[in-house]
Amino acid sequence: IVAAELFNQGNWQRVYACRSNPVVRQAFLGSTILILPIVFIAGLLGLMAVQFDIAGDTAFFGLLQSLNPPVWLVIMVLVLALALVMSSLDTLLNGIASVFTVDLLRIMPSQANVLRIARMLTVGVGIPAVAIASQGYSVLYLFFVADLVCAALLFPIIFSLYNRHQTAANALSSSIIGILTGLLFFPKADFSPLFPIPGGGDLLHSFAAALLVSTVITLIWNAIAPASAFDYANLATVRAYNEPAPEPEVSVP
């Protein structure tokens with residue numbers, strides 16, 4: 001979960017929206033204090049669902065139906081659930097569009113249509129996502145697939161921020177090898193072993209293998225064939241290029 005949240009563009013949008021580092025710390029601390037009791041209550045609801053022999057992605061709604069609540073409470077829960085999904089989707093779409101925008105600014109000489117193209121690409125990404133969602137796959141299982149990818153990407157990407165000799169080829173290759181190694185232990189949709197090997201079908205083995213293998217390959221590659229040191233000063237140039245020009249000062253008589 002930590003690996004996946006480090007790549008959550010919604011978190012980074014909030015980081016860059018804050019005025020200063022102390023504001024970032026206060027915001028995340030305050031959010032944590034509010035979220036912890038909510039997660040605790042959700043966990044208790046899970047224990048209640050087990051008592052009623054309810055499982056699956058819709059366990060919460062199954063539990064709600066078993067308790068025979070009043071109609072007004074059911075409507076309120078449905079409205080809140082819809083608002084939750086819509087707010088998360090809104091953050092996700094903004095994050096995808098922002099990633100496309102930053103990359104397009106580097107390859108397109110004209111900035112006039114960058115935002116429009118980024119939005120079109122975001123819609124293009126959403127089409128296969130809708131097609132996959134329509135198949136009725138387990139949402140929990142899809143989250144596990146994403147967690148596996150993020151576990152393999154975690155160290156190569158973060159290491160790139162602190163090591164001047166890390167290359168894109170190193171990060172990509174070690175991440176792919178980490179993902180393939182994690183797949184050896186990854187379960188099927190019914191959580192049976194994908195491959196009949198010792199430890200197969202165990203999510204902990206899968207995530208740990210992806211993380212460890214990508215980490216080891218990254219470190220070995222940098223030790224054997226270190227690339228030329230990257231100049232972090234170039235990032236300031238890229239940032240200045242992407243930032244809008246300051247508004248001219250207007251003198252007031």
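Is F191 buried, exposed or partly exposed? With a relative accessibility of 39%, F191 counts as partly exposed, because that class covers values between the 20% limit for buried and the 50% limit for exposed. Keep in mind that what you have in front of you is a predicted model. You'll find F191 in the loop between α8 and α9. F191 also has a positive phi of about 65°, even though it isn't a glycine.

**The overall picture**

Let's step back to the whole chain. The protein has 10 helices and zero strands, so reading along the sequence gives the pattern α-α-α-α-α-α-α-α-α-α. The C-alpha trace spans about 65 × 65 × 35 Å along its principal axes. For 253 residues, a compact globule would have a radius of gyration near 18 Å, while this protein comes out at 23 Å.

How much of the protein counts as buried? The share is 20% of the 253 residues. The accessible surface adds up to about 18000 Å², and 72% of that belongs to carbon and sulfur atoms. As for how the chain meets itself, take the contacts with a separation of 6 or more: 58% of them are between residues 24 or more positions apart.

**Helix α5 and its salt bridge**

Helix α5 runs over residues 71-107, which makes 37 residues. At 1.5 Å a residue it should span 54 Å, and its end C-alpha atoms are 55 Å apart, so the two agree. The buried residues of α5 are V77, T91, G95, A97, T101, L104 and L105.

L89 is in α5 too, but L89 counts as partly exposed, at 44% relative accessibility. Its C-alpha atom is separated by 28 Å from that of L47, a residue 42 places away along the chain.

Where's the salt bridge? A search of the whole structure turns up one, and D103 forms it with R106. Their closest N and O atoms are 3.8 Å apart, which means the pair falls within the 4 Å limit for a salt bridge. Side chains of opposite charge can pair when their charged atoms come close. Both D103 and R106 lie in helix α5, three residues apart, or about one turn of the helix. D103 is partly exposed, with a relative accessible area of 38%, whereas R106 counts as exposed at 57%.

**The nonpolar core**

Which residues make up the largest nonpolar core? There are eight: Y141, F144, L148, A151, A152, F186, L203 and A210. Two elements, α7 (139-160) and α9 (203-224), give two or more residues each to this core. The largest share, five residues, comes from α7. In soluble globular proteins, nonpolar side chains tend to be buried together.

A151 is a handy place to zoom in. Not counting residues up to four places away in sequence, A151 touches A3, F207, A210, L211 and S214. One of these partners, A210, is itself listed in the core.

**Around helix α8**

Helix α8 covers residues 168-185, and S175 is part of it. At 2% relative accessibility, S175 counts as buried. Leaving aside neighbours within four places in sequence, S175 is in contact with A152, L153, P156 and S214. Among them, A152 is one of the core residues, and S214 is also touched by A151.

I177 sits in α8 as well, but I177 is partly exposed, with a relative accessible area of 37%. Beyond the residues up to four places away in sequence, I177 touches V213 and I217. The C-alpha atoms of I177 and I217 are separated by 8.5 Å, with their positions 40 residues apart along the chain.

**One stop in helix α6**

L115 lies in helix α6, which covers residues 114-133. Like the other residues in its class, L115 is called partly exposed on the basis of its relative accessibility, here 44%. L115 and F100 are 15 residues apart in sequence, and 8.6 Å apart in space, C-alpha to C-alpha.

Here are the C-alpha pairs side by side:

| Pair | Apart in sequence | C-alpha to C-alpha |
|---|---|---|
| L89 and L47 | 42 residues | 28 Å |
| L115 and F100 | 15 residues | 8.6 Å |
| I177 and I217 | 40 residues | 8.5 Å |

Key. Residues are numbered from 1 along each chain as its sequence is written. This is a predicted model: local features need pLDDT of at least 70, side-chain atom pairs count only at pLDDT 80 or more; totals for chains, interfaces and linings use all residues. Side-chain values use heavy atoms; hydrogens and water are left out. Helices (H or I, at least four residues) and strands (E, at least two) are DSSP runs, numbered from the N terminus. The expected span of a helix is 1.5 Å times one less than its number of residues. Buried means under 20% relative accessible area, exposed over 50%, partly exposed in between (1.4 Å probe, protein chains only). A nonpolar core is a set of buried Ala, Val, Leu, Ile, Met, Phe, Trp, Tyr and Cys residues joined through side-chain atoms within 4.5 Å. Contact means heavy atoms within 4.5 Å. The radius of gyration is taken over C-alpha atoms; the globule rule is 2.2 Å times the number of residues to the power 0.38. Accessible areas come from the Shrake-Rupley method with a 1.4 Å probe; for residues, only the protein chains shown count as cover. A salt bridge is a side-chain nitrogen of Lys or Arg within 4 Å of a carboxyl oxygen of Asp or Glu.
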